[in-house]
There are 2 protein chains.
Amino acid sequence: MNKESKIPAPTIERLAHYSRPLESLLDNETPVISSEKLARLCGVNPAQVRKDLAYFGEFGVRGVGYDVRDLLVEIKKILATDRDWTLCIVGMGNLGSAIAENENFKKRGYKFVAAFDSDPTKIGRTLPCGLIIEPTSRIRELVKSLKIEIGVITTRPHEAQRFADLLMDSGVKAILNFAPIQIRTLDCCKIENVDFAVKLEHLAYHIAKIL
Amino acid sequence: MNKESKIPAPTIERLAHYSRPLESLLDNETPVISSEKLARLCGVNPAQVRKDLAYFGEFGVRGVGYDVRDLLVEIKKILATDRDWTLCIVGMGNLGSAIAENENFKKRGYKFVAAFDSDPTKIGRTLPCGLIIEPTSRIRELVKSLKIEIGVITTRPHEAQRFADLLMDSGVKAILNFAPIQIRTLDCCKIENVDFAVKLEHLAYHIAKIL
DNA sequence: CCAGCTATGTGCACTATTTCACAATATCGT
DNA sequence: ACGATATTGTGAAATAGTGCACATAGCTGG
Ligand SMILES: NC(=O)c1ccc[n+]([C@@H]2O[C@H](COP(=O)([O-])OP(=O)(O)OC[C@H]3O[C@@H](n4cnc5c(N)ncnc54)[C@H](O)[C@@H]3O)[C@@H](O)[C@H]2O)c1
Ligand SMILES: NC(=O)c1ccc[n+]([C@@H]2O[C@H](COP(=O)([O-])OP(=O)(O)OC[C@H]3O[C@@H](n4cnc5c(N)ncnc54)[C@H](O)[C@@H]3O)[C@@H](O)[C@H]2O)c1
């Protein structure tokens, strides 16, 4: 049971991917799907799908496949997305605003309950989603009182480490960082980075190789 | 020569990461850096740094380290970011606009030369960066006449595949996709996906495990 | 109740990636 | 000029992840 500690990170990421087509299938009234079909929808190997799921239990029926609704429930349980999460976002530039407005996150249970910026001209402004931009000086106070669990960093790079430290120190359990720098992190806090430019550079490398 | 074909994808992504601190070091007037220091700045193993670089040549000096400026030039040469790239973006919602406005991309040589949307109320609008939003019906024409090499997709998910097909058919060599769906792709076109929600789910999984 | 069919769950071999450990080599001080 | 020192470049070992192949087990129809 506690082999959960050595589950490959790619498995976790794929589980999240599997849930996307499953949601469409549910709308589609497709009751059952095979590992082969799901694999094709996600661009992976069918054995991979079965193995990924097998880390967590036996969710399929031999000779039949997986019940779409049940499987989705199980995956959400595994990923802990069967509950709501409380988040805040620091840095309300273009990217920060786009993320705060995005409906998809809300739909998946990621609730932004606070938005921070250090630019005085932005503070107090109300976003279309209803959030009011707070000064960064209130981060500690609000993270604690609103029990914020995840922090999103969309500040400019030179401020990112400072706010990460502040968030961690205030009790945030995880950080999603969009600033293109390497954040030093404490053990008590899990961090994920998203760097679009890295992806573009990867693409550039491949195109250039072909030419 | 053709051992380039078996260079690990993680190596390419790390090379992009290495270039970030190197740029700061340049400003900092630090002339030389060891694999150990660079590794620490990037949160990886020093042997990894050396091996990654060794795929492409010998850039260091034994007993000394790597010349910061030279190394940066070499990495840019490898990643083909020592030149400009021509890009377009399809879907000028919040995220699309944030990306088009971002100065970092321009600074790194990624030039957005066209922006498309299918919403008639948006077409014709001028973005702060100077781009005029074109109707998606002009994608094929403009990709060809402006020699656009990379397409960025920030449309809503259900339109993403259609525009990906159109971009590929128009001659784009690579696509960066932000819509949370699996895009079917042709061999002639390299695709990278960025899915923030997957990262959040990864974080949620880890936090929930600890509790 | 059994035979035939189908698709899962999984041991194992294979492939990919990371890390170790050390020989090779450049520099510096004397 | 040479030994001490530092740090690279790299084969080989260790670790991680993927995919095959098949025994296993549920379902259906007779
Ligand atoms: N914003 C984010 O943080 C974020 C994060 C991850 C993925 N994405 C994905 O990126 C894509 C774009 O996201 P976004 O936040 O820019 O979305 P958005 O709502 O700002 O706009 C997206 C697109 O939909 C069109 N659109 C939106 N509302 C419309 C309307 N009422 N009528 C006609 N067209 C309309 C716009 O023209 C635009 O092209 C989506 O696929 C989304 O899932 C966004
Ligand atoms: N927009 C993107 O596509 C994108 C992509 C990848 C990474 N990022 C990163 O995300 C972060 C935010 O990007 P963004 O596009 O939202 O940046 P942005 O320029 O829209 O704003 C970023 C932040 O800087 C502050 N700011 C900007 N201009 C200011 C000014 N003149 N005076 C005072 N404060 C000012 C804002 O208050 C905001 O908090 C950056 O670290 C960027 O590198 C952005």
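Q: In this predicted model, which backbone lies 2.6 Å from an oxygen atom of ligand 1?
A: Let's start with the polar contacts of ligand 1. Through a side-chain N or O atom, Asp117(B) sits 2.7 Å from an oxygen atom of the ligand. The 2.6 Å pair instead uses a backbone N or O atom, and that backbone belongs to Thr155(B).

Q: How much of the area that ligand 1 exposes when taken alone does the protein bury?
A: There's a polar contact from chain A too, with a backbone N or O atom of Ala98(A) 3.2 Å from a nitrogen atom of ligand 1. Taken alone, this ligand exposes 780 Å². The share of that area buried by the protein is 75%.

Q: Which chains surround ligand 1?
A: There are 21 residues around ligand 1, and those coming nearest include Asn94(B), Leu95(B) and Lys122(B). Ala98(A) adds a backbone atom 3.2 Å from a ligand nitrogen. The site is shared between chains because the residues around it come from chains A and B.

Q: Which residue puts a polar side-chain atom 2.8 Å from an oxygen atom of ligand 2?
A: Let's go through the side chains around ligand 2. Lys122(A) has a side-chain N or O atom 3.1 Å from a ligand oxygen, and Asn104(B) has a polar side-chain atom 3.0 Å from one. The 2.8 Å distance goes with Asp117(A).

Q: What area does ligand 2 expose when taken alone?
A: Ligand 2 is another shared site, since residues from chains A and B surround it. Asn104(B), for one, has a polar side-chain atom 3.0 Å from a ligand oxygen. The protein buries 75% of the area that the ligand exposes when taken alone, and that area is 790 Å².

Q: How many charged residues does the shell around ligand 2 have?
A: The helices giving at least two residues each to this shell are α5 of chain A plus α5 and α6 of chain B. Sorted by class, the shell has ten nonpolar and seven polar residues. Its charged residues number four.

Q: How are the two protein copies related?
A: Superposing chain B on chain A takes a rotation of 180° with 0.0 Å of shift along the axis, and the RMSD is 0.1 Å. The copies are thus related as by a two-fold rotation axis.

Q: Which residue of chain B has the C-alpha nearest the axis?
A: The rotation that puts chain B onto chain A is 180°. In chain B, the C-alpha nearest that axis is 3.3 Å away from it, and it belongs to Leu95(B).

Q: Which element gives the most to the surface near DNA strand C?
A: A polar side-chain atom of Arg50(B) lies 3.3 Å from a base nitrogen of the strand. Elements giving two or more residues to this surface include α3 of chain A, and α1 and α3 of chain B. The top contribution is four residues, and it comes from α3(B).

Q: What percentage of the atoms of DNA strand C within 4 Å of the protein belong to sugar or phosphate?
A: Both parts of the backbone show up in polar contacts. Phe59(A) has a backbone N or O atom 3.3 Å from a phosphate oxygen, while a side-chain N or O atom of Gln48(B) is 3.3 Å from a sugar or linking oxygen. With the rest of those atoms belonging to bases, the sugar or phosphate share is 68%.

Q: Is His202(A) buried or exposed?
A: His202(A) is found in helix α9 of chain A. Beyond its sequence neighbours within four places, it contacts Ala9(B), Ile12(B), Glu13(B) and Glu192(B). Its relative accessible area is 4%, so His202(A) is buried.

Technical notes
Residues are numbered from 1 along each chain as its sequence is written. Chains are lettered from A and ligands numbered from 1 in the order in which they are written. This is a predicted model: local features need pLDDT of at least 70, side-chain atom pairs count only at pLDDT 80 or more; totals for chains, interfaces and linings use all residues. Side-chain values use heavy atoms; hydrogens and water are left out. Buried means under 20% relative accessible area, exposed over 50%, partly exposed in between (1.4 Å probe, protein chains only). Contact means heavy atoms within 4.5 Å. Copies are superposed by least squares on the C-alpha atoms of residues with pLDDT of at least 70 in both. A residue is near a molecule or strand if one of its heavy atoms lies within 4 Å of it. A polar contact is a pair of N or O atoms within 3.5 Å; within protein, one must be able to donate a hydrogen and the other to accept it, and residues adjacent in sequence count only if both atoms are side-chain atoms. Accessible areas come from the Shrake-Rupley method with a 1.4 Å probe; for residues, only the protein chains shown count as cover. Ala, Val, Leu, Ile, Met, Phe, Trp, Tyr, Cys and Pro count as nonpolar, Asp, Glu, Lys and Arg as charged, and the others, Gly among them, as polar.
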